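The following paragraphs lead the reader through one protein chain step by step. Please keep the sequence and the structure in view while reading.

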Amino acid sequence: MADFQEQLQRLQEQLQRAQARANELPQLIPEPPPPPVDAEAPEWADEQARIEARVRSETSVAELQAQLIAALLENERLRRALEAERQHHARTREGLITALGDALETLKQRRRSPKPP
């Protein structure tokens, strides 16, 4: 029984250290910027050709401006969606850490309570 208590104590200490590190992560590791698109990379060749053909087929500056506006709006929408996903991920991580702590506490309480005959 003493071994269990020692192991439980070590797990609780590890959990506390993990929670402290998790809270420090956003400050320690900034979000990396997305990698730049290498237009020369083979996986982008078809996409680049398609976009170039589309842009060259547009003869009106107004049409190109409309496409640029649409692309910038889509870029902003995706940026906001990514930020929302990051926030959701952070909340999920905190919830899982809390659940782990609660589970350890419940386990500790069950081990302490007397067993029914």
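Arg-80 counts as exposed, with a relative accessibility of 55%, and the cut-off for that class is over 50%. This value comes, like every other value in this text, from a predicted model. Arg-80 is a useful starting point, for its side chain meets that of Glu-76 in a salt bridge, with 3.0 Å from N to O. Why can two such side chains pair? Side chains of opposite charge can do so when their charged atoms come close.

The positions of the two residues along the chain should be considered next. Glu-76 and Arg-80 are four residues apart in helix 3, so about one helical turn separates them. Glu-76 itself is partly exposed, at a relative accessible area of 28%. It falls in this class because its value lies between the 20% limit for buried residues and the 50% limit for exposed ones.

Glu-76 also has a second partner. Its side chain forms a salt bridge with that of Arg-79, where the distance from N to O is 2.5 Å. These two residues both belong to helix 3 and stand three residues apart, again about one turn of the helix. Arg-79 is partly exposed, with 45% relative accessible area. Together, Glu-76, Arg-79 and Arg-80 are linked in a network of salt bridges.

Another pair is found in this helix. The side chains of Arg-77 and Glu-74 meet in a salt bridge of 2.6 Å, N to O. Both residues lie in helix 3, with a spacing of three residues, or about one turn. Arg-77 is partly exposed at 46% relative accessible area, and Glu-74 is likewise partly exposed at 34% relative accessibility. How many salt bridges does a search of the whole structure find? The search finds four.

The view may now be widened to the whole chain. It has three helices and zero strands, and from the N terminus on its elements run α-α-α. Of the 117 residues in the chain, 9% are buried. The chain exposes about 10200 Å², and carbon and sulfur atoms supply 58% of this area.

Part of the surface is a nonpolar patch. Ile-51, Val-55 and Leu-64 make this patch, which covers about 210 Å². Ile-51 has its place in helix 2. At 40% relative accessibility, Ile-51 counts as partly exposed. A residue must have over 30% relative accessible area to belong to a patch, and the 40% of Ile-51 is therefore enough on this point.

Ile-51 and Val-55 appear again in the lining of the second largest pocket, together with Glu-47, Arg-50, Arg-54, Gln-67, Leu-68 and Ala-71. Which elements give two or more residues to this lining? They are helix 2, spanning 45–57, and helix 3, spanning 61–112. Helix 2 gives the most, with five residues. By class, the lining has four nonpolar residues, one polar residue and three charged residues. The space in this pocket is about 190 Å³.

Two themes thus recur along this path. In helix 3, charged side chains pair about one turn apart, as with Glu-76 and Arg-79. In helix 2, Ile-51 takes part both in the nonpolar patch and in the lining of the second largest pocket.

Terms used: Residues numbered from 1 in each chain as written. Predicted model: local features only at pLDDT ≥ 70, side-chain atom pairs only at ≥ 80, totals over all residues. Heavy atoms only, no water. 1 Å grid on protein atoms, 1.4 Å probe; cavity = no way out; pocket = protein on both sides within 12 Å on 5 of 7 lines; lining within 4 Å. Points joined across faces, edges and corners; volume = space filled by probe spheres on them. Nonpolar A, V, L, I, M, F, W, Y, C, P; charged D, E, K, R; others polar. Buried < 20%, exposed > 50% of the residue type's maximum accessible area, 1.4 Å probe, protein only. Areas by Shrake-Rupley, 256 points an atom, 1.4 Å probe, with all protein chains shown as cover. Patch = residues over 30% accessible without salt bridge, like charges linked within 9 Å, V, L, I, M, F, W, Y side chains within 5 Å.
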